[in-house]
Amino acid sequence: MRTPHVVVVMGVAGTGKTTIGPLLAARLGVPYAEGDDFHPPANIAKMTAGTPLDDEDRWPWLDAIGAWAHGRTGLGGVVSSSALKRAYRDRLRAAAPGVVFVHLTGDRELIEERMRQRQGHFMPTALLDSQFATLQPLQADEAGVAVDVSGAPEEITARAMAALEALAP
């Protein structure tokens, strides 16, 4: 990619946003921000208890991510965010109009297995169905790419880089 974009690595829980995001940032030579770090404590408590967030819970979180992305405009950066609904992505784009999305996609069984294997994360596998139910994939008019999450993290990152390079003018 010739110009430093701000890339939002998106997808349901367990797709590898926290793994792929830093790898992608390293390949692009830009900073990475963990989207979960932008959640207020009340959101973390709600998800830990197995309760899905609603839009009112998500707006301040998305605004914080959008502010970070805006601050990286022209400098580049990678941030993770589930960004499951078009309205959430629109909110991020309103804050940082040049953001590009990398939608990590995959088979539900694979994603659930990966969620079961990770340790120390607040998101229970019980919320995976609500994540898939909420998910609105990227539309043709949204700047971004879909990347399959099968394989090793390095393979996924390479696919994401290739897709982003193909997207660049």
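**Strands 4 and 5**

I began with strand 4 and strand 5 (residues 144-148), which pair in the parallel sense over five bridges. The model I am reading is predicted. Next I looked up a bridge partner: in strand 5, Phe 101 is matched by Gly 144. On its other pairing, I found Phe 101 of strand 4 opposite Val 8. Val 7 stands opposite Val 100 in strand 4. I counted the bridges from strand 1 to strand 4: there are four, and the two strands run parallel. I then checked how covered strand 4 (residues 100-105) is. Five of its six residues are buried.

**The whole sheet**

I traced the strand order next. Five strands form an open sheet, 2-3-1-4-5, with parallel pairing. Which strands stand at the edges? They are strand 2 (32-33) and strand 5. Each has a single partner strand, so one side of each is left without a neighbour in the sheet.

I went on to the strand 3 pairings. Strand 1 is joined to strand 3 by four bridges, and the two run parallel. Val 6 stands opposite Gly 77 in strand 3. Strand 2 pairs with strand 3 over two bridges, also in the parallel sense. There I noted Tyr 32, whose bridge partner in strand 3 is Val 78.

I looked at where the strand 3 side chains go. In a regular strand they alternate between the two faces of the sheet. Gly 77 and Val 79 point one way from strand 3, while Val 78 and Ser 80 point the other way. All of these are buried.

**Chain overview**

I stepped back to the chain. I count seven helices and five strands. From the N terminus on, the elements run β-α-β-α-α-β-α-β-α-α-β-α. The chain has 169 residues, and 43% of them count as buried. I also looked at contact range. Among contacts between residues at least 6 apart in sequence, 74% join residues at least 24 apart.

**Helix 3**

I turned to helix 3 (residues 55-71). It has 17 residues and reaches 24 Å from first C-alpha to last, close to the 24 Å expected. I checked its N-terminal end: Asp 54 caps it, with a side-chain oxygen 3.1 Å from the backbone nitrogen of Glu 56.

Which residues of helix 3 are buried? I list Asp 57, Arg 58, Trp 59, Trp 61, Leu 62, Ile 65, Gly 66 and Ala 69. I asked what covers them. The cover includes strand 1 (6-10), helix 2 (41-48), strand 3 (77-80) and helix 4 (86-95).

**Asn 43**

I picked one residue of helix 2, Asn 43. Is Asn 43 buried or exposed? Buried means under 20% relative accessible area. Asn 43 has 3% relative accessibility, so Asn 43 counts as buried. I looked for a polar partner and found His 39: the two side chains are joined by a polar contact of 3.1 Å. Leaving out residues up to four places away in sequence, Asn 43 touches Leu 53, Asp 57 and Trp 61. Asp 57 and Trp 61 are among the buried residues of helix 3.

**Aromatic pair**

I searched the whole structure for aromatic pairs and found one. Trp 59 and Tyr 88 form it, edge-to-face, with 5.6 Å centre to centre and 80 degrees between the planes. The pair links distant parts of the chain: Trp 59 sits in helix 3 and Tyr 88 in helix 4, 29 residues apart. I checked the burial of both partners. Trp 59 has a relative accessible area of 18%, so Trp 59 is buried. Tyr 88 has 0% and is buried too.

**Ala 83**

Last, I looked at backbone angles. Most residues other than glycine have a negative phi. Ala 83 has a positive phi of about 45 degrees, although it is not a glycine. I placed Ala 83 in the loop between strand 3 and helix 4. Its relative accessible area is 0%, so I entered Ala 83 as buried.

Notes
Residues are numbered from 1 along each chain as its sequence is written. This is a predicted model: local features need pLDDT of at least 70, side-chain atom pairs count only at pLDDT 80 or more; totals for chains, interfaces and linings use all residues. Side-chain values use heavy atoms; hydrogens and water are left out. The expected span of a helix is 1.5 Å times one less than its number of residues. Buried means under 20% relative accessible area, exposed over 50%, partly exposed in between (1.4 Å probe, protein chains only). Contact means heavy atoms within 4.5 Å. A polar contact is a pair of N or O atoms within 3.5 Å; within protein, one must be able to donate a hydrogen and the other to accept it, and residues adjacent in sequence count only if both atoms are side-chain atoms. Two strands pair if DSSP finds at least two bridges between them. Rings of Phe, Tyr and Trp (its six-membered ring) pair if their centres lie within 6.5 Å; planes under 30 degrees apart count as stacked, over 60 as edge-to-face and the rest as tilted.
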